[in-house]
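Take a look at the chain below. This report walks through its helices, a few chosen residues and its cysteines.

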Amino acid sequence: MMRKRIAALFLAVCIIFSVTAMDYMTAHAEGESSEKTIKVLFVGNSFTKYNNLHKIFKGIAKANGIKITAKRVAFGGYKLRKYASSKTKAGKKFRKALKKKYDYVVIQGHSEEFITTYNKHSYKSISKVIDMVKASGAEPILYMTWTQTTGITYSERGEEISMTREEMTQQVADIYNRLGNEFDVKVAPVGLNILRCATEYPEIKLIRSDNKHPKYAGSYLAACTIYQTIFDRSVLGTKYYNTDEKKVGIGKTKAEKLQMIADVRLQVDKHNIYISPDEKTSVKASIVVSDNNTKYKESYADAITYRSLTPEVAEVDEKTGEIEALAPGMAYVRAESSSGLSTITTVEVKSRDTYDLTLTEKESVSGDSYKDNVLKWTNNFTDSKVEIYRSIYNKNHFKKIGETCKDYYYDKSLLKDKKYIYMIRLYSYVDGEYRYVGESVTRY
């Protein structure tokens, strides 16, 4: 009898242990429990600073069983060049923060800079910030901003340009998505979700009376969107809102509506496509949404359409997503949902004829701080010209610096402490005109 009791007791302990272990493993696999504390840093300006966005994000994550710390480096009105510079207060604080080994760094640019100063300095700045984050071992997350509700009017090269809220939101979204493709980083579509919410739930006030800065609901929607982007899981059903047990700046009804907006995501099967002229390929976009998102299920039979933003390089079938390459260059194909989401696929069209490029560094007559770069390539065409392009940022942002009919090119008086990247494009003279025949496959 005693042996039977001991055996029964041992069996019960084993069952309890097995169930407990299984529950732990299941919870751990689903992200409900984690041995590691996830560290997230938010970098930006007032859009990050208002309402303590990082604390809202932390509250949502903790409510979903994630061990997390969240900090911020934020200065009102700052653009990304302040963080890219090592001489500014923001730049120094940012560099100091990166030494603390974060898992994710959420990068938020100024709401207007990717429109008004993108080519002037914003592209260079975000390139540098992303590189710094990756070098620290963290994963960059791009926080797509929204735009002021009144739209924008600005001057560019003496011309006055006006954009509505909807036009501005779409342009900012396109740029963020292109950057995400180029640097292989995730994009949190906050700006698109703010506009979608304003349409779907006009009774929810997301933006303050200044038409720009977020009320608590706006920051809550931003935090929900960033949470889904980082952890790739729905925020729907998160019990982080004002209750008897805790005080949060939003009620249950409003929080659930905002969660339903953030829950809808548009994904694409290809972010980058490489193709030759006259070839065809395709891209496929789809909606990801939770089964219990009743508002979305009731309101939308969501249709997805495709549009080429550079049809001279590549065309796309509006309904099927079939892409046809027409000419060498970079094309951007936008997938759009009728519910107001969009994403970008970058299509690089390159000729089949390719050339190897070599680079030799020589002393410069300009002094010890300078160098001359000598580029060489194989050119089998007798009547041809070669265009030389250079970049100091990355392999997708080149500027033409010269032409030659030879098989080499001298690039003189360059700073020794800078890295320069090159590519060439070759044209052959046929039937009275120069025709593109290929480019270098190597980058230096």
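The sections below go from the whole protein to single residues.

## The whole protein

This is a predicted model. The protein has 444 residues, and buried residues make up 49% of them. Its secondary structure comes to 12 helices and 24 strands.

How much of the contact count comes from residues 24 or more positions apart? Take the contacts with a separation of 6 or more: residues 24 or more positions apart account for 65% of them.

## Helix H3 and its surroundings

Helix H3 covers residues 53-63. Its buried residues are Leu-53, His-54, Ile-56, Phe-57, Gly-59, Ile-60 and Ala-61. An α-helix has 3.6 residues a turn, so residues three or four places apart point the same way. Look for that spacing as you read the list.

What do the buried residues of H3 pack against? Three strands and two helices appear here: strand E1 (38-44), strand E2 (68-74) and strand E4 (139-143), together with helix H2 (46-49) and helix H10 (216-231). Just after H3 comes Gly-65, which takes a positive phi of about 80°.

## H3 against H10

The axes of H3 and H10 are 9 Å apart, and the two helices pack at an angle of about 55°. An angle between 35 and 65 degrees counts as oblique, so H3 and H10 are oblique to each other. H3 passes H10 in a right-handed crossing.

On the H3 side, the residues that meet H10 are Leu-53, Ile-56, Phe-57, Ile-60 and Ala-61. Their partners in H10 include Tyr-216, Tyr-220, Ala-223, Cys-224, Tyr-227 and Phe-231.

## H9 against H10

H10 also meets helix H9, residues 190-200. Their axes come within 9 Å and cross at roughly 130°. H9 and H10 are therefore oblique to each other. H9 passes H10 in a right-handed crossing.

Which residues meet here? H9 brings Val-190, Asn-193, Ile-194 and Cys-197. H10 brings Gly-218, Leu-221, Ala-222, Thr-225 and Ile-226. Two of these H10 residues, Ala-222 and Ile-226, meet H9 and also meet H3.

## H7 against H8

Helix H7 spans residues 118-135, and helix H8 spans residues 165-183. Their axes come within 12 Å and cross at roughly 45°. H7 and H8 are therefore oblique to each other. Their crossing is right-handed.

The H7 residues in this meeting are Tyr-118, Tyr-123, Ile-126, Ser-127, Ile-130 and Lys-134. They meet Ile-175, Leu-179, Glu-182 and Phe-183 in H8.

## Gln-108, a residue in a loop

Gln-108 sits in the loop between strand E3 (104-107) and helix H6 (113-116). Is Gln-108 buried or exposed? Its relative accessible area is 1% and the cut-off for buried is under 20%, so Gln-108 is buried.

What does its side chain touch? One polar contact, of 2.7 Å, joins the side chains of Gln-108 and Asn-45. Another, of 2.8 Å, links the Gln-108 side chain to that of Thr-48. Beyond its neighbours within four places in sequence, Gln-108 is in contact with several residues, among them Val-43, Phe-47, Leu-80, Tyr-143 and Tyr-176.

## Two partly exposed loop residues

Lys-246 lies in the loop between H10 and helix H11 (252-263). Its relative accessible area is 30%, so Lys-246 is partly exposed. The side chain of Lys-246 reaches the backbone oxygen of Lys-239 at 3.1 Å. Leaving aside neighbours within four places in sequence, Lys-246 is in contact with Lys-239, Tyr-240 and Tyr-241.

Ala-327 lies in the loop between strand E14 (322-325) and strand E15 (329-337). Ala-327 counts as partly exposed, at 25% relative accessibility. In sequence, Ala-327 and Glu-312 are 15 residues apart. In space, they are 7.0 Å apart, C-alpha to C-alpha. Outside its neighbours within four places in sequence, Ala-327 is in contact with Glu-312, Val-313 and Val-349.

## Cysteines

A disulfide is a covalent bond between the sulfur atoms of two cysteines. How many disulfides does a search of the whole structure find? The search finds 0.

Cys-197 counts as buried, at 0% relative accessibility. Cys-224 is also buried, at 0%. Both appeared earlier: Cys-197 in H9 is among the residues that meet H10, and Cys-224 in H10 is among those that meet H3.

How values were computed: Residues numbered from 1 in each chain as written. Predicted model: local features only at pLDDT ≥ 70, side-chain atom pairs only at ≥ 80, totals over all residues. Heavy atoms only, no water. Helix = DSSP H or I, 4+ residues; strand = E, 2+ residues; numbered from the N terminus. Buried < 20%, exposed > 50% of the residue type's maximum accessible area, 1.4 Å probe, protein only. Polar contact = N/O pair within 3.5 Å; in protein donor to acceptor, adjacent residues only side chain to side chain. Contact = heavy atoms within 4.5 Å. Disulfide = S-S within 2.5 Å. Axes fitted to C-alpha atoms, helices over the stretch in contact; angles between N-to-C directions. Parallel < 35°, antiparallel > 145°, perpendicular 65-115°, else oblique. Left-handed = near helix turned anticlockwise from the far one by under 90°.
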